[in-house]
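Q: Please take a close look at one part of this structure, its nonpolar core and the helices around that core. I am new to the structure, so a plain account that begins with how far the model can be trusted would help.

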Amino acid sequence: MASVRTPPGASETGAAAAFPQAGPAAAGLPLAGGGGLAGARSLRRMARAVTSNRKATVGVVLLALFIFIGLFPGLIAHDNPQAEIYPRSLSPSAQHWLGTTSFGQDMFAQVVWGTRPVLLIAFGVGLLATVVAMLIGVAAAYLGGAWDGTLNVVTDVLLVIPLFPLLIIIGSYLHGAGTAVMIAVIAATGWSYTARQLRSQALSLRTRDFLNAAKVRGERALYVICVEIIPTMTSLLVAAFLTNALYAVLFSSSLQFIGLGNPNVTSWGTMLYWAENNEAFQTGLPLWIIVPGLCIVALGAAFALLNYAFDEIGNPALRPVKRMAITKAGAVPAPAARRRPRVKRTG
């Protein structure tokens, strides 16, 4: 094979411009920054999916509203949610929008201040469970062998155990635990399903060219997992985070409702716990149960609606497709294709 010589006096820059194929791309190696560009494209696709989907837009609005309430509860409710200083069992009024509890506490203040612990649990469990599942699932798929077998055994054991009864058993030993313990317990028991999904996705990437190129360059397994594989799974990771956050809201509120959380922490679950213990429906205080229950449903709906948008990103079969009709002139919208041309009649 004849070698290409650079003419005398020609600079290296000119040689590179004359032969652009002689670079990393020509050798089959990924260009620098490719992973970052892939991640940026994934984020742009997510943004387009949220803005183009009505359900996702509603989910963003609901979640933003709850985040604002959780960050600035003092701007909305000026009363102390734990203070028992008001007349008991008052009906809704201008001073107490939702009335007062059987202990003389302002119910509206409890709903507002109870938003923050629920959001902390939702985002804490969603982030922690997704990170653990990501590391375990991707590592098991890429490393293979004994690593894959051991991690699969741990994952399968957690998958076959019913999660909520397991949480009840753990919560009975940790009765009165705070928010941090609740996050750790739910995340430690709820990562297995996400790990199984991420492992399946990582297995489909093992034979791709960019991973083979990384192996040829001599990159370490940790670098390949964190830099090459994980950025390609952005939409799936976001969907997993939203799913884990949704289940965290439901599981934590359920545990607090049956008295396995800290009853002195103001949250929607503890409100339901105290309302049930004081027979809110029988004593004429239905809002004590209805309002926190609706808040749990609304926050769960926000995560579910957002998850619907990211499912569309990961699964092209779920994306809406415009109906098109084929005519002699080409593809045109279906309503236009059904129009019949007017025929001029001659008498």
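**Confidence, core and rings**

A: The mean pLDDT of the protein chain is 79, and 76% of the residues reach 70 or more. This is a predicted model, and the confidence varies along the chain: among its elements, helix H1 (residues 12–18) has the lowest mean pLDDT, 40, while H5 has the highest, 95. Residues 1–35 have a pLDDT below 50, and in the model this stretch has 12 contacts beyond near neighbours in sequence. The pLDDT is also below 50 over residues 322–329, a stretch with 15 contacts beyond near neighbours in sequence.

In outline, the protein chain has 16 helices and two strands. Of its 347 residues, 38% are buried. Among contacts with a separation of 6 or more, 67% are between residues 24 or more positions apart.

Now to the core itself. In soluble globular proteins, nonpolar side chains tend to be buried together. Here the largest nonpolar core has 36 residues, and those with the most contacts inside it are Ile121, Val125, Val138, Ile186, Trp191, Ile229 and Met233. Several helices each supply at least two residues of this core: H6 (115–143), H7 (145–160), H9 (179–189), H10 (192–203), H11 (209–216), H12 (221–229) and H13 (234–257). H6 gives the largest share, 11 residues.

Ile229 shows what one of these core residues touches. Leaving aside neighbours within four places in sequence, Ile229 is in contact with Val138, Tyr142, Leu205, Leu211 and Val224. Apart from this core lies another, of 35 residues, which include Val112, Leu246, Val249 and Trp268.

One of the contributing helices, H10, can be followed residue by residue. H10 has 12 residues and spans 16 Å from its first C-alpha to its last, close to the 16 Å expected at 1.5 Å a residue. The buried residues in H10 are Ser192, Thr194, Ala195, Leu198, Arg199 and Ala202. These residues cover an arc of only 150 degrees around the axis, so they lie on the same side of H10. The elements that cover the buried residues of H10 include H6, H7 and H13.

The aromatic rings add a further set of links. In the whole structure there are 10 aromatic pairs. One of them joins Phe68 and Phe72; this pair is tilted, with 5.4 Å centre to centre and 50 degrees between the planes. Phe68 is partly exposed, with a relative accessible area of 40%, and Phe72 is partly exposed with a relative accessible area of 40% as well.

Another pair, Phe103 and Trp274, is edge-to-face, at 5.7 Å centre to centre and 85 degrees between the planes. Phe103 lies in the loop between helix H4 (73–76) and helix H5 (107–113), and Trp274 lies in helix H14 (residues 268–277), so the pair ties together parts that are 171 residues apart in sequence. Phe103 counts as partly exposed because its relative accessibility is 25%, and Trp274 counts as partly exposed because its relative accessibility is 30%; buried would mean under 20%. Ring pairs also link Phe103 and Trp274 with Tyr273 and Trp288 into a cluster.

Definitions and conventions:
Residues are numbered from 1 along each chain as its sequence is written. This is a predicted model: local features need pLDDT of at least 70, side-chain atom pairs count only at pLDDT 80 or more; totals for chains, interfaces and linings use all residues. Side-chain values use heavy atoms; hydrogens and water are left out. A nonpolar core is a set of buried Ala, Val, Leu, Ile, Met, Phe, Trp, Tyr and Cys residues joined through side-chain atoms within 4.5 Å. Buried means under 20% relative accessible area, exposed over 50%, partly exposed in between (1.4 Å probe, protein chains only). Helices (H or I, at least four residues) and strands (E, at least two) are DSSP runs, numbered from the N terminus. Contact means heavy atoms within 4.5 Å. The expected span of a helix is 1.5 Å times one less than its number of residues. The arc is that of the directions from the helix axis to the C-beta atoms. Rings of Phe, Tyr and Trp (its six-membered ring) pair if their centres lie within 6.5 Å; planes under 30 degrees apart count as stacked, over 60 as edge-to-face and the rest as tilted. pLDDT is the predictor's confidence in each residue, from 0 to 100.
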